[in-house]
Every structure is written in structure tokens, then in C-alpha cells.
Amino acid sequence: PVITNAFASGASTVISGTLASTPNRSVWIDVYLNFGADPSGHGQAQVPVGSVAVTNNAGGDAVFTVNVGANYLGFFFTATATDKTSGDTSEFSADVMATNGPAVPIAPAFTAPITMTSTGFTAKLSLTIGQNYRVQATTNLGAIPIAWLDLTNFTAGATNFIFLDRSATNFPRRFYRAVSP
């Protein structure tokens with residue numbers, strides 16, 4: 001699993017993240033509190049603080065959120081994923097420190113599959129929940145400055161976003177980028 005945010009506020013800490021694994025499988029996500037960052041960058045299981053069951057979609061992706069019920073500002077969190085069918089358990093995720101603000105946004109990234117069909121261009125974006133993003137397009141990368149057109153402007157409500165550009169079929173060539181202001 002990848003912890004994308006550890007947000008401490010009031011009397012709770014909310015841990016959220018993503019998992020990319022075997023499609024259509026039920027998985028336990030176990031979250032652990034650690035008193036300090038591990039030198040390896042990946043946490044240990046010092047104190048178990050919560051679990052949640054998720055089922056990966058057909059692409060093998062899932063998102064998770066665990067409310068650990070106490071304010072652990074400044075403490076570190078890590079997670080593991082255990083396949084309910086096979087019992088296989090992942091390595092520990094990277095350490096993430098609980099803050100009282102949203103996580104530093106990850107750069108938006110296009111992920112597979114990216115397709116062009118008769119209905120338009122479809123791509124999946126990997127994002128940080130709560131951050132603002134824009135998907136832009138241009139038909140000419142040779143122009144200086146490049147004229148980027150905003151196709152969408154939104155705040156990510158999930159770590160994965162499916163983008164569809166139906167107008168892509170009207171252009172012989174179209175280039176895309178995703179930016180966070």
C-alpha cells in the first residue's frame with residue numbers, strides 16, 4: 001500500500017492511501033503507528049491502530065481510509081496489505097508523518113491504460129486527495145510559448161481520476177498534461 005495522507009485534526013487522525021495489486025481481490029489494509037521514522041524509510045509495526053477491508057477493482061486498484069480515533073500529530077504511520085484469499089502480506093509501506101494539513105501533493109501522473117477510441121481519449125491519473133488539478137491540452141508543442149487549453153479544473157476526491165476527452169477525435173494530433181497549481 002501507499003499512504004497518501006496522514007491528517008491529524010481535533011481528536012482523530014485519518015490515514016488514507018492507495019493499493020495496486022491483483023484485480024478483483026479482497027484485501028485487509030492494516031495501519032500501524034510508529035514513534036519515529038525507520039532508517040529504511042519503511043515503517044515497522046510498533047502499534048497497530050486500525051484495519052479496513054477493500055476490494056481491488058478490475059484494474060487492481062483500491063483506495064482506503066482509516067480513522068485511528070486519536071490525534072497523533074507528528075507520529076509516523078505505515079501500512080501492510082494482506083490478501084484475504086492467499087494470506088500473502090505485503091512489505092511495509094513508506095513512513096508518512098501525520099500533519100495538521102494535507103499532504104504535499106504528488107505530481108499528477110498518467111497511468112495505464114491510456115486509450116484512444118472512436119469516443120475520445122481516455123486516461124487514468126494518479127492524484128493526491130484534496131489537491132487542485134487541471135488537465136490541459138494543446139495541438140502544437142512547437143509554438144513558443146505553448147498554448148495550453150484547460151479542459152478540466154477540479155479538486156481530487158480520490159487518488160485515481162478517469163479523464164475522458166471526447167473532443168480528441170476532432171484533432172489529428174493532441175498533447176496532454178496534468179498540472180497542480
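**Strands, salt bridges and cores**

Trainee: Over how many bridges do β2 and β5 pair?
Mentor: Strands here are DSSP runs of E with at least two residues, while helices are runs of H or I with at least four, and both are numbered from the N terminus. Two strands pair if DSSP finds at least two bridges between them. For β2 and β5 the pairing is antiparallel, and the count is 7 bridges.

Trainee: What kind of model is this?
Mentor: Residues are numbered from 1 along each chain as its sequence is written, and side-chain values use heavy atoms, with hydrogens and water left out. Local features need pLDDT of at least 70, side-chain atom pairs count only at pLDDT 80 or more, and totals for chains, interfaces and linings use all residues, this being a predicted model.

Trainee: Which strands stand at the edges of the open sheet that holds β2?
Mentor: This open sheet has 3 strands in the order β1-β2-β5, with antiparallel pairing. Its neighbouring strands are turned by 10° against each other on average, with direction ignored. One side of each edge strand is left without a neighbour in the sheet, because each has a single partner strand, and these edge strands are β1 and β5.

Trainee: Which residue of β5 is the bridge partner of alanine 20, and with which residue does it form a salt bridge?
Mentor: The bridge partner of alanine 20 in β5 is aspartate 61. A salt bridge requires a side-chain nitrogen of Lys or Arg within 4 Å of a carboxyl oxygen of Asp or Glu. In the salt bridge of aspartate 61, the closest N and O atoms are 1.9 Å apart, and its partner is lysine 124.

Trainee: How many residues apart in sequence are the parts that aspartate 61 and lysine 124 tie together?
Mentor: Both residues are buried, a word kept for under 20% relative accessible area, with exposed meaning over 50% and partly exposed in between, for a 1.4 Å probe and protein chains only. Aspartate 61 belongs to β5 (residues 61-67) and lysine 124 to β9 (residues 120-126), so the parts that they tie together lie apart in sequence by 63 residues.

Trainee: Are aspartate 150 and arginine 134 buried, partly exposed or exposed?
Mentor: Their side chains meet in a salt bridge at 3.4 Å, N to O. This pair links distant parts of the chain, 16 residues apart, with aspartate 150 in β11 (residues 149-155) and arginine 134 in β10 (residues 132-138). Relative accessibility is 38% for aspartate 150 and 23% for arginine 134, so each of the two counts as partly exposed.

Trainee: How many salt bridges does a search of the whole structure find?
Mentor: One of them joins the side chains of aspartate 165 and arginine 174 at 3.0 Å, N to O, and both of these residues are buried. The search of the whole structure gives a total of 4 salt bridges.

Trainee: Which strand gives the largest share of the largest nonpolar core?
Mentor: A nonpolar core is a set of buried Ala, Val, Leu, Ile, Met, Phe, Trp, Tyr and Cys residues joined through side-chain atoms within 4.5 Å. The largest one has 20 residues, and Ile15 and Val31 are among those that touch the most other members. Two or more residues come from each of β1 (2-9), β2, β3, β4 (47-55), β5 and β6 (76-83). The largest share, 4 residues, is given by β3.

Trainee: In which loop is alanine 156 placed?
Mentor: Alanine 156 is among the 13 residues of another core, which lies apart from the largest one, and its relative accessible area of 4% makes it buried. Its contacts, meaning heavy atoms within 4.5 Å, include Leu127 and Tyr133 when neighbours within four places in sequence are left aside. The C-alpha atoms of alanine 156 and leucine 127 are separated by 6.7 Å, although the two are 29 residues apart along the chain. The place of alanine 156 is the loop between β11 and β12 (160-165).

Trainee: What is the omega of the cis peptide bond that joins isoleucine 144 and proline 145?
Mentor: Most residues other than glycine have a negative phi, and most peptide bonds are trans. Proline 145 is found in the loop between β10 and β11. The omega of its cis bond with isoleucine 144 is about -5°.

Trainee: What is the phi of asparagine 24?
Mentor: Asparagine 24 is placed in the loop between β2 (12-20) and β3 (26-34), where it is exposed, with a relative accessible area of 54%. Although asparagine 24 is not a glycine, its phi is positive, at about 55°.

Conventions
Axes fitted to C-alpha atoms, helices over the stretch in contact; angles between N-to-C directions.
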